[in-house]
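Grab a coffee and open the model in your viewer. Here are a few exercises to work through, each with a solution to check yourself against.

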Amino acid sequence: MHNMDKGDQERQTMDEKLDSFISTQPAQTDLQVSSDVIPSENDADPIVEDIFPDERGDRTVQNQNGHTELHLGDTTSEDATQLQAVPLDIQKEEITDFDKSVSAGMSETDSGKVSEDSALVDNGHDDSGEFVVAMLARGKLEEQGMGLKGTSSPLSETGTALGASSHRDEDVTTENWRQHRKHVFVLSEAGKPIYSRYGSEEALSSTMGVMMALVSFVQSGDNVIRSVYSDEHTVVFMQQGPLVLVSVSSSRQSEQQLRDELLYVYNQIVSMLTQASITRIFEHKKNYDLRRLLAGSEKILDGLLNLVDSDPSFLLSAIHCLPISSSFRDSLSQILQKAITPNLVFSILIAKNQLLTIVQEKMVIEDARLDPADLHLLLNLIGASSAFQAGEIWTPICLPSFNPDCYFYAYISYLDPPDCTVCLLLLSTDKEAFYAVAECKRKIEEAMLAQNALSSIAKAQSYSVSQVGVSDLRHFMYKPFDVPDNHRQLTQFTSPELEAPYSSDEEKLRLLDLYRDLHSRIHSTSRPLKLIYHVAERETLLAWVTSKFELYTCFSPLVTKACAINAITKLLRWVKKEEDRLFIRYPPKYSTTPNPKSSRDTQRLS
């Protein structure tokens, strides 16, 4: 055991390193907490006024796409043609074997000797790296000019509005790197870097070592480090099994919101490897470099963090449905219901990154349901690479909230090439069901063609706030709690398109930051509120949560409290009138076999 003097010296050294890591930025005005009495359920007018003395500064979203480093330099154009001529599940075995041989030839331990990492993967963990290697190796072939003709590289283009150049090679010693709004790091318990949102993991190895030293130092005192606060930054730590995740943020998000974002990052990693596989890998070798199994997945994690910064569905833990008539949604559901095969669990139709409809196996949802977080991960995965636009994809995928230790097998195909806005996602528990599920897709395509459904989907658009007919209302987010059969379906929300004055990325982010502030106060563990009336310099906001809904509204700055409440009454009436168009009210179900597999019988790793 260290003596007190030596421990003090270590603590001082770590404090100095942490101080050097956290940069200095202009100070922000603290949130002024109201001293009003917490309103009760029975209060006639439970208003809490919060006047923020200063509006926060404008911030922009930092967009990036990660470079993929899959070593396929020895692959020829002829090899690429052969790869495309066989189903993707067969490609996986070939590419995975190639990756293992590369790993076996290149991996070395700290002592300079060849390690047994490849044997670790071979020993019952084939599926662990199968997903990333199979899908992104195909993308690498396309990037090298050996992929499908007429398609852009999936490693340079995404389905989400990310658009900016990569930050993977950014110099971590510069002030620009320090000034990023939010950093996210993932490392192992041994201090091995796994992922960094900005800059290369190798360049940040010493920084991550300091983070792990902080975690270990606090653990040595039988405690857990959760967060560190400075004037300009919040540093949040979260340990999930053998992985440690760290967020360093200069935004005004709450600790819980940052923790929720880290959980999304962890679950995205689990979706590719499964929790059981990760645990076994590090039980076998604590200093294993997990980047070898996640090679190429940086783009997926980058895309996820960009979505978390810009998409309110992550904040609300809900799914945004594309507004269409209930009759049309029902007809799409019936098409999915008729195209089934044994062990098909979920049939999901997505358009323009929003949910059209979802059909679920009856027996599966008796003991579990698809969580919004799982669908968020699926949507991010599909949007993160144009490789999915190349044809039919068959790949293992884990849904962490559903079961973190099991794989489903996902069939992913766009129904409207080359536009690629309507995506069909079929999830099965049968690894060998590719051709059976592909036949389901063929039936769905035929039925949609007969009904001219794709044309109707193309015409479907999100609505404008002006359609609500409430003066001075600029934007809102509405999340219902009283949807029929709510415990058996996805939590949903609705909101109009963002319009002026929130047209620029800068203004969109500023509004979402305001919503985040209200959300953190509404859901505060120490002092939760039911209604917040917030007057800012550029707008007035009102947040309200009841047993039936959660609502966030934005008005023009001169709206009074009485006018805002009156406007919300009109808004609620409009939502009630349009709810069949805005939400999936009665999720359809089907039965694929007389005795379908239970949801807990999805394919487990051996």
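The exercises below go from a sheet to one of its residues and then to a pair of helices, and the model is a predicted one.

**Exercise 1. Work out the strand order of the five-stranded open sheet and find its edge strands.**

Step 1: Walk across the sheet, and you get β3-β2-β6-β5-β4, with antiparallel pairing.
Step 2: Look for strands that pair on one side only; these are β3 (193-196) and β4 (227-229), so to speak the rims, or edge strands.
Step 3: Check how neighbouring strands sit: on average they are turned by 15 degrees against each other, ignoring direction.

**Exercise 2. Take a look at how β4 is joined to β5.**

Step 1: Count the bridges between β4 and β5 (residues 234-240), and you should find three, with the two strands running antiparallel.
Step 2: Pick serine 227 and trace its bridge partner in β5, which is valine 236.

**Exercise 3. Which helices lie on the sheet, and at what angles?**

Step 1: Start with α7 (residues 205-219), which packs on the sheet and touches β2 (182-188), β3, β5 and β6 (243-249).
Step 2: Compare directions: α7 makes about 70 degrees with β2.
Step 3: Move on to α10 (residues 298-310), which lies across β2 and β3 and runs at about 45 degrees to β3.

**Exercise 4. Is proline 193 buried or exposed, and what does it touch?**

Step 1: Place the residue: proline 193 sits in strand β3.
Step 2: Its relative accessible area is 9%. The cut-off for buried is under 20%, so proline 193 counts as buried.
Step 3: Skip neighbours within four places in sequence and list the contacts of proline 193: Val186, Leu187, Glu201, Ser205, Met208, Asp289 and Arg291.
Step 4: Try a distance too: from proline 193 to serine 206 is 13 residues in sequence and 9.3 Å in space, C-alpha to C-alpha.

**Exercise 5. Describe how α8 and α13 pack.**

Step 1: Get the geometry of α8 (residues 255-273) and α13 (residues 372-383): the angle is about 65 degrees, and the axes are 10 Å apart.
Step 2: Angles of 65 to 115 degrees count as roughly perpendicular, and α8 and α13 therefore get that label.
Step 3: Add the handedness: the crossing of α8 and α13 is right-handed.
Step 4: Name the residues in contact, which are Tyr264, Asn267 and Gln268 from α8, plus Ala373, His376, Leu377 and Asn380 from α13.
Step 5: Sort the residues of this contact by type: three are nonpolar, four are polar and none is charged.

How values were computed: Residues numbered from 1 in each chain as written. Predicted model: local features only at pLDDT ≥ 70, side-chain atom pairs only at ≥ 80, totals over all residues. Heavy atoms only, no water. Axes fitted to C-alpha atoms, helices over the stretch in contact; angles between N-to-C directions. Helix = DSSP H or I, 4+ residues; strand = E, 2+ residues; numbered from the N terminus. Parallel < 35°, antiparallel > 145°, perpendicular 65-115°, else oblique. Left-handed = near helix turned anticlockwise from the far one by under 90°. Contact = heavy atoms within 4.5 Å. Nonpolar A, V, L, I, M, F, W, Y, C, P; charged D, E, K, R; others polar. Pairing = 2+ DSSP bridges. Buried < 20%, exposed > 50% of the residue type's maximum accessible area, 1.4 Å probe, protein only.
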